[in-house]
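Subject: Structure for your review

Dear colleague,

I am handing over the structure we spoke about, and below it you will find an account of what came out of the analysis. Please read the text with the structure open beside it.

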Amino acid sequence: MYYSTLADTYEKIESTTKRLEMTDYLVELLKKTPKEIIDKVVYLTQGKICPDFVGLEIGVAEKLAIKAIARAAGRKEAEIQEDLKTSGDIGETAQNFMAKKAQVTLFQQSLTVEKVYQTLEKMAKITGTGSMDMKLSLLAGLLTAATPKEAKYLTRTATGNLRLGIADMTVLDALAIAYGGGKESRPYIERAYNISSDLGRVAKTLVEKGLEGIRKFEVSLGEPIRPMLAERLSTPEEILEKLGGRCIAEYKYDGERIQTHKDGEKVVLFSRRLENISEQYPDAIQLIKQNVKAQTAILEAECVAVDPDTGEMLPFQELMHRRRKYGIAKAMEEYPIALFFFDALYVNGKDLTLQPYPIRRKNLEAIIQQTERFRIAEYIVTDDPEELEKFFLKAIEDGCEGLLCKSIAGDSVYQAGARGWQWIKYKRDYKSEMTDAVDLVIVGAFYGRGKRAGTYGALLLAAYDPSEDVFKTVCKCGSGFTDEDLEKLPKMLDKHKIPNKHPRVVSTIDANIWFEPKQVIEVIGAEITLSPVHTCALNIIRKGSGLAIRFPRFTGKYRPDKAAEDATTVKEIIEMYQRQLKTVEQ
Ligand code: AMP
């Protein structure tokens, strides 16, 4: 097949903004395409040489393209640059110069799609020293053999600027019309795409094996499944009603979604956007190899940053330290992670995507060996709005964003690539920064682990309630302490140690060590949230819940100048919470 056929189609597609017309042109092209190269034609029309998850980009920089055009057209680079300034499009510029050259030389129509594809693929794969020169001569070679119109699209493709505006969904429509017998076949073709993320493989299966082949299309290890997404509602009652009166409610962890593909000893991780992110998480890969008891599996988990000293979950932002190419080993140590699994899509050779959720979950539970850092998402099964609300508050207390409530009905299949009502998220409907630090009283402590063995992992902190003259807990704080602080704290607090909770302390949490309420420290948090366990403002904002400071951090300031009764009061915390709500409503 000649590349000119593609170039002609591209030109037509560019001439319209109507999706239907675009689809027609695409149908025409697909029908003309020989079976063996249909996948390549599909990739090329999207400006690629393979599906995104492979991560292979042609990646020619504009500078290099300018050089290639200069070489192919026999002009100076400066001339090309000058033209580019006016055209603003490297493709147009290539076309201009190749047209001028065409007036003096005669070319034969010789560029085939196969040749173009092979050359672009070669360019994408070259690395190391001398790779620039090789890319340059490969592109210049293509341009020399190209007509001006072909040169335009080749240059755009090589530089990652083809941008014909053909959405994946348009390709699916065109495939259904060209080879599926009409639009009715579209859902099957779309499903194949949703479970493979590979339009080329879908096209090839369709032309080679027909719709029957597409209906039998299965999940394949190494090809990311497009993630199922959730809708959102704001009350437990609505959620339960939508889910048929009963659901499984899981913690909604605040991390990065990971789809892990395990094939024996080979493990690959994909992000929510289907990029291969295996290199960011060698520790996750190790954990999966150790703790997934299946030869092959595709599982979904939320990857969460945890405090290396206390094991507590940290906000999503902390994971950003992992988005790097170098220094991963150090980042792994400083920002360890935990994995919370919530779905099994494929286990030991079996595609589970069309199984209802309870069955997928059973499969998940059967193969996950749980450890502290490797767990199945915390959950309850309930039909009671009150219980759901309580569990929601507990999730927030534990550092999660809220809940994901999921259907357990017979039709609760994995809806790859779709946002539907099978999954409903229940999140805090406000979010804002806590801008002021507060002074809190140390009323208890928890033993540390790991690096903090022998000292405290976290302190139990309370606000003062003058109306009852008591101290009410508002957070557990394990962050912000330096090594020096950790050495100093036990010494400083030893004299206040008491065998049981102090009578003036109101707490439902059982600390490992209790103190007289004496020592005040300054703390700042991310925000103030409702809490099922802390007693500060209990039953004031909402029945059954108090207020807590989320992600509290010691600012480094001890306040020996303050008596316990000078600490921030419960009333002040309530006011801060209300102010925070208002800020968000504005
Ligand atoms: P959102 O990004 O707000 O639409 O919420 C959906 C995201 O929550 C998913 O893409 C996951 O990354 C994340 N998540 C956290 N915990 C769970 C869970 N238990 N089940 C499903 N998704 C979860």
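Which of the 14 residues around the ligand come nearest? They are Glu-250, Arg-257, Glu-302, Lys-406 and Lys-425. Before going further, please keep in mind that this is a predicted model, and that every value quoted here was computed from it.

**The ligand site**

For three of these residues there is a distance to quote between the ligand and the side chain. In the case of Glu-250, an N or O atom of the side chain lies 2.9 Å from a nitrogen atom of the ligand, and for Lys-406 the corresponding distance, again to a ligand nitrogen atom, is 2.8 Å. With Arg-257 the ligand contributes an oxygen atom instead, which is 2.9 Å from an N or O atom in the side chain of that residue. The ligand would expose 500 Å² if it were taken alone, and of that area the protein buries 91%. Two or more residues of the surrounding shell are given by each of strand E2 (247-252), strand E10 (402-406) and strand E11 (419-427). As for the character of the shell, eight of its residues are charged and six are nonpolar, while no polar residue is found among them.

**Aromatic pairs**

The structure holds 13 aromatic pairs, and two of them may be worth a look. In one, the ring centres of Phe-341 and Phe-374 are 4.8 Å apart and the planes meet at 55°, so this pair is classed as tilted. The two residues stand 33 positions apart and thus link distant parts of the chain, with Phe-341 in strand E6 (residues 337-347) and Phe-374 in strand E8 (residues 374-376). Both Phe-341 and Phe-374 are buried.

The other pair is formed by Tyr-464 and Phe-471, whose ring centres are 5.1 Å apart and whose planes are at 35°, so that this pair too is tilted. Tyr-464 counts as buried because its relative accessibility is 9%, under the 20% that marks the limit, and Phe-471 is likewise buried, with a relative accessible area of 0%. Separately, Tyr-251, Tyr-253, Phe-340 and Phe-391 form one aromatic cluster.

**A covered strand and a partly exposed helix residue**

Strand E19 (residues 527-531) is mostly covered, since five of its five residues are buried. Its partner is strand E20 (residues 546-550), which runs antiparallel to E19 and is joined to it by five bridges; within this pairing, Glu-527 stands opposite Arg-550 of E20.

Is Arg-579, which lies in helix H19 (residues 570-585), buried or partly exposed? Arg-579 is partly exposed, because its relative accessible area is 47%, a value that falls between the 20% limit for buried and the 50% limit for exposed residues. The C-alpha atoms of Arg-579 and Thr-45 are separated by 53 Å, and the two residues are 534 residues apart along the chain.

**The chain as a whole**

To close with the overall picture, the chain has 19 helices and 21 strands, and its C-alpha atoms fill a box of roughly 95 × 55 × 50 Å along the principal axes. Of the 586 residues in the chain, 55% are buried.

With kind regards

How values were computed. Residues are numbered from 1 along each chain as its sequence is written. This is a predicted model: local features need pLDDT of at least 70, side-chain atom pairs count only at pLDDT 80 or more; totals for chains, interfaces and linings use all residues. Side-chain values use heavy atoms; hydrogens and water are left out. A residue is near a molecule or strand if one of its heavy atoms lies within 4 Å of it. A polar contact is a pair of N or O atoms within 3.5 Å; within protein, one must be able to donate a hydrogen and the other to accept it, and residues adjacent in sequence count only if both atoms are side-chain atoms. Accessible areas come from the Shrake-Rupley method with a 1.4 Å probe; for residues, only the protein chains shown count as cover. Helices (H or I, at least four residues) and strands (E, at least two) are DSSP runs, numbered from the N terminus. Ala, Val, Leu, Ile, Met, Phe, Trp, Tyr, Cys and Pro count as nonpolar, Asp, Glu, Lys and Arg as charged, and the others, Gly among them, as polar. Buried means under 20% relative accessible area, exposed over 50%, partly exposed in between (1.4 Å probe, protein chains only). Two strands pair if DSSP finds at least two bridges between them. Rings of Phe, Tyr and Trp (its six-membered ring) pair if their centres lie within 6.5 Å; planes under 30 degrees apart count as stacked, over 60 as edge-to-face and the rest as tilted.
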